[in-house]
Amino acid sequence: MVKGISGMRRAFRGASMGLALLAVAGCSDIVRNHGYAPTDEELQAIEVGRSSRAGVANAIGRPSSTGLMQDSGWFYVKSRYRERYWRGAEEFDREVVAISFDDDDRVANIERFGLEDGNVVVLSRRVTDSNIRGVGFLRQLFGNLGNFTADQFLN
């Protein structure tokens, strides 16, 4: 009878340890990756002012997003989400590579943006000229936020 009780205790301890391990494994973070942004090494194959739209497509592929205007530029977006415990997914990293083209379908600008503390941050930039065309779409969009007041809309 003593062997039976001690065997049951060992089985109970083993089952308890197994449940504890499952509980700990269930509390670990789950990280999901969405989208694609080319690395700096992949972008080295693209020459600003010389590479064509077709050359970019051959070198790094076509993006899933393009500019608002049909031929304004290509945007590669990569996001990382973390799921913790019972909470929903939270985005903790985002990277956007914006490639704009000139009127001759040549690369005019390559920019890499990141998201830090809710602000868009330029991580790297390769530009041929410094006029308004050198400023990427995202920079123009986010640069205008906060430049308006309520009385401008009322007049």
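Let's start at one residue: Ser100 is buried, with a relative accessible area of 18%. Keep in mind throughout that this is a predicted model. The cut-off for calling a residue buried is under 20% relative accessible area, so Ser100 with its 18% falls on the buried side. You will find Ser100 in strand 4, which covers residues 89–101. Setting aside residues up to four places away in sequence, Ser100 touches Ser72, Gly73, Arg106, Val107, Ala108 and Asn109.

One of those contacts leads straight to the partner strand. Asn109 belongs to strand 5, and Ser100 stands opposite this residue. Strand 4 and strand 5 run antiparallel to each other and pair over seven bridges. Together they form a hairpin with five residues between the two strands. In the turn of this hairpin, look for Asp105, whose phi is positive, at about 60°.

What about the surroundings of strand 5? This strand spans residues 107–116, and eight of its 10 residues are buried, so the rest of the structure largely encloses strand 5.

Now step back to take in the whole chain. The protein chain holds five helices and six strands. Reading from the N terminus, the order of the elements is α-β-α-α-β-β-β-β-β-α-α. Of the 155 residues in the chain, 22% are buried. The accessible surface comes to about 11200 Å², and carbon and sulfur atoms account for 54% of that surface. Among contacts between residues at least 6 apart in sequence, 46% join residues at least 24 apart.

With that overview in hand, let's turn to the interior. In soluble globular proteins, nonpolar side chains tend to be buried together. Which residues make up the largest nonpolar core here? There are 12 of them: Ala37, Leu43, Ile46, Val56, Ile60, Trp74, Tyr76, Val97, Ile99, Phe101, Val107 and Ile110. Helix 3 (53–60), strand 3, strand 4 and strand 5 are the elements that each give two or more residues to this core. Strand 4 gives the most, with three residues.

The aromatic residues deserve a visit of their own. The count of aromatic pairs comes to two. Tyr36 and Tyr76 form an edge-to-face pair, with 6.1 Å from centre to centre and 85° between the planes. This pair links distant parts of the chain, as its members are 40 residues apart: Tyr36 is in the loop between strand 1 (30–35) and helix 2 (40–43), while Tyr76 is in strand 3 (residues 73–83). How exposed or buried is each ring's residue? Tyr36 is partly exposed, at a relative accessible area of 36%, whereas Tyr76 counts as buried, at 2%.

The other pair is made by Trp74 and Phe101, again edge-to-face, at 5.3 Å centre to centre and with 75° between the planes. Here too distant parts of the chain are linked, with Trp74 in strand 3 and Phe101 in strand 4, 27 residues apart. Both Trp74 and Phe101 are buried, and both are members of the largest nonpolar core.

Phe101 has a charged companion as well: Arg53 lies over the face of its ring, at 4.1 Å from the ring centre. A comparable arrangement can be found at Phe92, where the charged end of Arg82 sits over the ring, 4.0 Å from its centre.

Trp74 also takes us to helix 3, where Ala57 is located. Leaving aside neighbours within four places in sequence, Ala57 is in contact with Arg62 and Trp74. Ala57 is partly exposed, with a relative accessible area of 21%. The buried category requires under 20%, so Ala57 at 21% does not qualify.

For a last stop, head to strand 1 and find Gly35. Is Gly35 buried or exposed? At 64% relative accessibility, Gly35 counts as exposed. Gly35 touches Val77 and Lys78, again not counting residues up to four places away in sequence. Gly35 and Glu95 are 60 residues apart along the chain, and their C-alpha atoms are separated by 9.6 Å.

Terms used
Residues are numbered from 1 along each chain as its sequence is written. This is a predicted model: local features need pLDDT of at least 70, side-chain atom pairs count only at pLDDT 80 or more; totals for chains, interfaces and linings use all residues. Side-chain values use heavy atoms; hydrogens and water are left out. Helices (H or I, at least four residues) and strands (E, at least two) are DSSP runs, numbered from the N terminus. Buried means under 20% relative accessible area, exposed over 50%, partly exposed in between (1.4 Å probe, protein chains only). Contact means heavy atoms within 4.5 Å. Rings of Phe, Tyr and Trp (its six-membered ring) pair if their centres lie within 6.5 Å; planes under 30 degrees apart count as stacked, over 60 as edge-to-face and the rest as tilted. A charge sits over a ring if NZ of Lys or CZ of Arg is within 6 Å of the ring centre and within 35 degrees of the ring normal. Accessible areas come from the Shrake-Rupley method with a 1.4 Å probe; for residues, only the protein chains shown count as cover. Two strands pair if DSSP finds at least two bridges between them. A nonpolar core is a set of buried Ala, Val, Leu, Ile, Met, Phe, Trp, Tyr and Cys residues joined through side-chain atoms within 4.5 Å.
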